[in-house]
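Visitor: I am new to this structure and would like a close look at a single part of it. Could you choose one helix, stay with it for a while, and then show me what else deserves attention along the chain?

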Amino acid sequence: MNLLGISPMTSFQLRPHHLPMPCFNLHSKAYATNSGALSTCFPPAGNGRGGCLQRYFKIMLVQTIHWKPRSPVHIQAVVSKPGKLFSQLGNPEKPLYLGFDFGTSGARMVAIDDNAEICADAKRQYPVDAKKELAASWRETLFNLLQELPVAIRSSIMAVSLDGTSSTTMIVDKSTGTPLHPPMMYNENFPEALPFLRNIAPPNHTVLTGTSTLAKLLVWWCNHKQKNKSNAVLMHQTDWLLALLHGTYGITDYNNALKVGYDPAEEEYPDWLLSQPFSVMLPVVRKPGTFIGFVTTDIADTYGLPRDCRVCTGTTDSIAAFLAARVTQSGEAVTSLGSTLAVKLLSTKRVDDARFGIYSHRLGDYWLVGGASNTGGAVLRQYFSDKEIQELSSKIDPAVQSYLDYYPLPATGERFPEANPNLTPRLEPRPVSNIEFLHGILESMARIEVREREREREIEKYLPYTGPGIQIIG
C-alpha cells in the first residue's frame, strides 16, 4: 500500500501502524492492524504550538515503513502453495492471531503471538482494474494474502479480525453475499439524500452529510424502487470481507454502523431510523472485537486454517490507527495520514455536529471525537510517484515557508474541518519546479491539520482536556 508517512525532524519517534494492537476485545484475542498510515499522538490543544505536522515534521510518501520484529518470517522468501489442508483444531500451545487492514489502494496482514510479537506479515496492492470491480479486487486480495501465509503459521491462527475504510458501503444478497450494487466508497457524495434525511434525523446528526452510509443507503433504495429488496442487506467493507470467512452476511460493529445512524451509547438503532421502510436492510450490530463465528469449513480446508479459528467483528481504519498509537489519557489526540487525514481525540464526553464534520466513535467507556479531511496521500498520488516524492521531498528545506496557498483535495468535496460537499480543490498556480509544487502541497496539508486542531479547540468547552504536556507516542 502506498502510505503517507512522516519523517521526524527532531528526536521524537513515531509508532508504525503495523505494530499489532488489540481489536477491543482482549478476551477474544482478535487483533486488528492498521498499516495505511502513521499515527502521531499529541497533547490537548491550547499549548500555542500549532499542529505537530507543521512544527515538527517533514512529510513524504513512502512505499512502506518497516518495523523489524525480533524474529520475523519473511513472506517474500517463504510463500506456501494453496491446496486442501484438512486441519482440525489449532495448536493451543502456540496460538497466533491474524489482523487485516484494508485501505484505499491496498491491504496488509499481520500475524502475532500471545506476546504481540510479529510472526509474519505481508501486503498487496489491489489489482490494476480494481476501480472497475472493487468488491472482486478486495476478495481476491483477502484470499491472496491468506495464501501467502506459511502453512505453519496458518495452522496456528486462532482468531481473525479486520479494519476497513469508514462509510464504504455495500448492498449485498444476505443469503449469498453477492454484491447487488458496486461499493460506494467512503468519500462518494450523495447530496440529493440530504433534504429527506434532514426531515427524519435530529439536527446536526452524524448522518446529515452526503458521504454518510445512510445517505448511500437511501439513494440506493430510491433508485431501485422496482427491485425486490427482501433479500438485500447493507454491509460495510469490513463486514463483508469478514463474512467471506465466517459465512453469515448482515453483521457489523458499532464503529462502522455509526454513520448509518446507529446509537452506540444506547446500543440500538433509534426509532426515527427504524420507522423508515429501508430499515429492513439494516445489519445486526455488535461490539467491535465480538466473536461472530468460526471460519467456514470450506475456508478452513482450502487455506489450512484451524476449524476452530474464530472470526470477530472489526472496526474502521482510523480507529485501528488510534489503537496503534497506544493512547491512554483523555485529551490526547492522534493524527493519522494515509489516503486521507484523520484526527481522533480521546474524551469522556461525546460530541457530534455534522455542520463541522465532527462525530464521536465509542471506544469502551470513552469516545473518540474528531473527523477526517479528504486531503492526504490520495492527492499526492495524482501528481507524483513514490520515487518522485522521496527524491523531491529530500530537497525541500522545511525551515523555508512555501509561498503557495493550496487546499489539496483529490476531488470536489470536504468533510472536516468543514463539511462542504462543494469545496473544490485549489492547486493553482503550479510552479515550474516540482520541488516547490510538492512543498506547497505538503505545507498546505499541514495547515489543514492545524485547522482540524483549531476546530477541536472551538468545541473545547465540551471536552475534558486532562492529558499531559507535549508528547509523541513512541
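Guide: What follows begins with one helix and then moves outward to other places in the chain. Please keep in mind throughout that this is a predicted model.

The part to look at closely is helix H5, which covers residues 213-223, and because 9 of its 11 residues are buried, this helix is largely enclosed by the rest of the structure. The buried residues are Thr213, Leu214, Ala215, Lys216, Leu217, Leu218, Val219, Trp220 and Trp221. As for what covers them, the surroundings include strand S11 (169-173), helix H4 (194-200), strand S12 (232-236) and helix H7 (271-274).

One of the buried residues of H5 also takes part in an aromatic pair, and there are 10 such pairs in the count. Phenylalanine 100 and phenylalanine 102 form one of them, a tilted pair with 6.4 Å from centre to centre and 45° between the planes. Phenylalanine 100 counts as buried at 0% relative accessibility, and phenylalanine 102 likewise counts as buried at 0%. The pair that involves H5 joins tryptophan 221 to phenylalanine 278, and since their ring centres are 6.4 Å apart with the planes at 70°, this pair is edge-to-face. It links distant parts of the chain, for tryptophan 221 sits in helix H5 whereas phenylalanine 278 sits in the loop between H7 and strand S14 (284-286), 57 residues apart. Tryptophan 221 is buried with a relative accessible area of 18%, a value to be read against the limit of under 20% for a buried residue, and phenylalanine 278 is buried with 1%. Elsewhere, ring pairs link Tyr383, Phe384, Tyr406 and Phe437 into a cluster.

Just before H5, in the loop between H4 and H5, you will find asparagine 204, which has a positive phi of about 60° although it is not a glycine. Asparagine 204 is partly exposed, with a relative accessible area of 29%. A second residue of this kind is glutamate 267, whose phi is near 55°, again positive in a residue other than glycine. Glutamate 267 belongs to the loop between strand S13 (251-253) and H7, and at 35% relative accessibility it counts as partly exposed. Most residues other than glycine have a negative phi, and most peptide bonds are trans.

The peptide bonds offer their own departures: the bond from phenylalanine 416 to proline 417 is cis, with omega near 15°, and the bond from glutamate 428 to proline 429 is cis with omega near 0°. Proline 417 lies in the loop between helix H11 (386-393) and helix H12 (434-458), and proline 429 is found in the loop between H11 and H12 as well.

For another view of how helices meet, turn to helix H2 (residues 134-148) and helix H6 (residues 237-246), whose axes come within 11 Å and cross at roughly 50°. That angle makes H2 oblique to H6, and the crossing is right-handed. On the H2 side the contact is made by Ala135, Trp138, Arg139, Leu142, Phe143 and Leu146, and on the H6 side by Gln237, Trp240, Leu241, Leu244 and Leu245. These contact residues divide into 9 nonpolar, 1 polar and 1 charged.

Finally, threonine 316 in strand S17 (residues 315-316) counts as buried at 0% relative accessibility. Leaving aside neighbours within four places in sequence, threonine 316 is in contact with Asp163, Gly164, Ser166, Asn255, Asn256 and His361.

Note on methods:
Residues are numbered from 1 along each chain as its sequence is written. This is a predicted model: local features need pLDDT of at least 70, side-chain atom pairs count only at pLDDT 80 or more; totals for chains, interfaces and linings use all residues. Side-chain values use heavy atoms; hydrogens and water are left out. Buried means under 20% relative accessible area, exposed over 50%, partly exposed in between (1.4 Å probe, protein chains only). Helices (H or I, at least four residues) and strands (E, at least two) are DSSP runs, numbered from the N terminus. Contact means heavy atoms within 4.5 Å. Axes are lines fitted to C-alpha atoms, for helices over the stretch in contact, and angles run from 0 to 180 degrees between N-to-C directions. Angles under 35 degrees count as roughly parallel, over 145 as roughly antiparallel, 65 to 115 as roughly perpendicular and the rest as oblique. A crossing is left-handed if the near helix is turned anticlockwise from the far one by less than a right angle, and right-handed if clockwise. Ala, Val, Leu, Ile, Met, Phe, Trp, Tyr, Cys and Pro count as nonpolar, Asp, Glu, Lys and Arg as charged, and the others, Gly among them, as polar. Rings of Phe, Tyr and Trp (its six-membered ring) pair if their centres lie within 6.5 Å; planes under 30 degrees apart count as stacked, over 60 as edge-to-face and the rest as tilted.
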